[in-house]
Amino acid sequence: MATSLTCSPDQLAQFLGPNTTNPTAAATYLCEQINNKFSDTSYAIDTTYLLFSAYLVFSMQLGFAMLCAGSVRAKNTMNIMLTNVLDAATGGIFYYLFGFAFAFGSPSNGFIGHHFFSLKSFPTPPFDYSTFLYQWAFAIAAAGITSGSIAERTQFVAYLIYSSFLTGFVYPVVSHWFWSTDGWASAFNTNNLLFNTGVIDFAGSGVVHMVGGIAGLWGALIEGPRIGRFDHSGRSVALRGHSASLVVLGTFLLWFGWYGFNPGSFNKILSPYNSGSFYGQWSAVGRTAVTTTLAGCTAALTTLFGKRILSGHWNVTDVCNGLLGGFAAITAGCSVVEPWAAIICGFVAALVLISCNKLAEKLKFDDPLEAAQLHGGCGAWGIIFTALFASKKYVNEVYSNKADRPYGLFMGGGGRLLAAHVIQILVIVGWVSATMGPLFFVLHKLKLLRISAEDEMAGMDMTRHGGFAYIYHDEDDSQKGGIQLRKIEPRSATPNSN
């Protein structure tokens, strides 16, 4: 807004009248004051918008906690809730000390940042404290994804170690590559754009979701499946979570938070595309919220009917996961695609999730929250989808630092964006595998990764945290029934002799 406002002292001086002493000086002073006030207002509005978005993204931690709690058995509820709290707390310290500097410490090289450790020399243009808070909320989201993959069998110390390493180093390096102005594959690095386009991963289908999903994949692979997840003949045995209610609650909280995750990634809202027009970045923010909604809704409905055909049941947990898969997929291209394209994104995302879950069963891969399949698989599809359907108009509006950028292949923009996005998928898989894979392997060899079989059978709430989260007992693995409730017959009241 401040950049579009012009106040000319020469023009203003004409309206001050002949009785004004030195009208040019007076007009110059007034113009400076007006410009400064509008600039201050613009900064205040954009900062408030970013802070509010950060609060929404942080509220997703509550959604993760509820989703995780409902998806595990009751005997592990306290454990998974504690890990979600510590993902945020540990991530806060390590992202402050190292993570933000590695991600956005500019000027730097294309691989990693090296300024702003512990927020030294901060704030400085273009970063304010609101930027740190927003990016920290993204970092702990990636760590929360990983915790779901290794739930119900992981030692507490392993959570602390991997969460610190992921939020302090692994995730920040990836976000530097694709979001920093110095990143080697960033769409904001106009001096050296990959294939003359850079990667358009607007809110992080790759940077956040694939990083968390691939990290969880390695953790779950190295740990192995939970006891009882596959029988002696290798057939899959469902170890159902204890509360569909918590799963639904967590899903709605995540849905709510996604309106900060995707639209908030503009970082500011007060940017007109044409001064004086009703159409500006605020319109793009609204469109991003719409595409996010449509992708999630389509994926939920596709999963509903797809699982009904495959299993014969209307399963609310599957629908919730399908919804989240649609959100994870649209996150990369939410700002640069048409609403109709978001429906295609959600439809394919649901099929990708169902296929990944089928493949996981065949390979005897156990992920209690389907986090690796959902965030890794659907996140990868979202990156490809963006390279196919990104609109020329929206790409040039959102990424206006370079004119005539390549855009979606199916929209007539050629294949350069698709080539850049294929490279993004490959380097994320390679980087996370090269860092998190060895970390989980070393923890496994040091016997710091998986709990004992006795503790796993009894449940970590009792063996590691001093008691169950609930009064009732969890489902006995040897029984087919659900939670066993004892019927209490009402006592007949003794009639009063009076």
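Colleague: How many cavities of 30 Å³ or more does a search of the whole structure find?

Modeller: Bear in mind that we're looking at a predicted model. Searching the whole structure with that 30 Å³ cut-off, the count comes to three cavities.

Colleague: Take the largest cavity: how much space lies in it?

Modeller: Its lining includes Phe64, Leu67, Ile145, Leu254 and His375. Helices H2 (23-71), H4 (129-149) and H11 (371-389) each give two or more residues to that lining. The space enclosed there is about 80 Å³.

Colleague: And how do the residues lining that largest cavity divide into nonpolar, polar and charged?

Modeller: Cys68, Leu324, Leu369 and Leu374 are among the lining residues, and so are Gly144 and Gly148. Gly counts as polar here, so those two glycines go into the polar class. The split is nine nonpolar, three polar and no charged.

Colleague: Moving on, which elements give two or more residues to the lining of the second largest cavity?

Modeller: That cavity holds about 40 Å³ of space, and its lining includes Thr303, Lys307, Asp318, Asn321, Ile354 and Asn357. By class, the lining has two nonpolar, four polar and three charged residues. The elements you're after are helix H8 (281-311), helix H9 (316-330) and helix H10 (339-362).

Colleague: Ile354 is in that lining; is Ile354 buried or exposed?

Modeller: Ile354 sits in helix H10. Leaving aside neighbours within four places in sequence, Ile354 contacts Thr303, Gly306, Lys307 and Leu310. Its relative accessible area is 14%, and since the cut-off is under 20%, Ile354 counts as buried.

Colleague: What separates the C-alpha atoms of Ile354 and Gly322?

Modeller: Both residues line the second largest cavity. They're 32 residues apart along the chain, and their C-alpha atoms are separated by 8.4 Å.

Colleague: Now the open sites: which element gives the largest share of the lining of the largest pocket?

Modeller: This pocket has a volume of about 1500 Å³. It's lined by 45 residues, with Pro126, Phe266, Asn267, Lys268 and Gln281 nearest its centre. H2, H4, helix H5 (156-179) and helix H12 (392-398) each give two or more residues. The largest share, six residues, comes from H2.

Colleague: Which element gives the most to the lining of the second largest pocket?

Modeller: The volume here is about 950 Å³, and the 33 lining residues have Arg229, Ala238, Arg240, Asp318 and Glu370 nearest the centre. By class, that lining has 11 nonpolar, 12 polar and 10 charged residues. With five residues, the element that gives the most is H10.

Colleague: Pro126 came up at the largest pocket; which residue does a cis peptide bond join to Pro126?

Modeller: Most peptide bonds are trans, so a cis one deserves a look. Pro126 lies in the loop between H3 and H4. Pro107 lies in the loop between helix H3 (77-104) and H4 as well, with a cis bond to Ser106 at an omega of about 0 degrees. For Pro126, omega is about 5 degrees and the partner is Pro125.

Colleague: What's the relative accessible area of Phe195?

Modeller: Phe195 is found in the loop between H5 and helix H6 (205-223). Phi is positive there, about 55 degrees, although Phe195 is not a glycine. The residue counts as partly exposed, with a relative accessible area of 39%.

Definitions and conventions. Residues numbered from 1 in each chain as written. Predicted model: local features only at pLDDT ≥ 70, side-chain atom pairs only at ≥ 80, totals over all residues. Heavy atoms only, no water. 1 Å grid on protein atoms, 1.4 Å probe; cavity = no way out; pocket = protein on both sides within 12 Å on 5 of 7 lines; lining within 4 Å. Points joined across faces, edges and corners; volume = space filled by probe spheres on them. Helix = DSSP H or I, 4+ residues; strand = E, 2+ residues; numbered from the N terminus. Buried < 20%, exposed > 50% of the residue type's maximum accessible area, 1.4 Å probe, protein only. Contact = heavy atoms within 4.5 Å.
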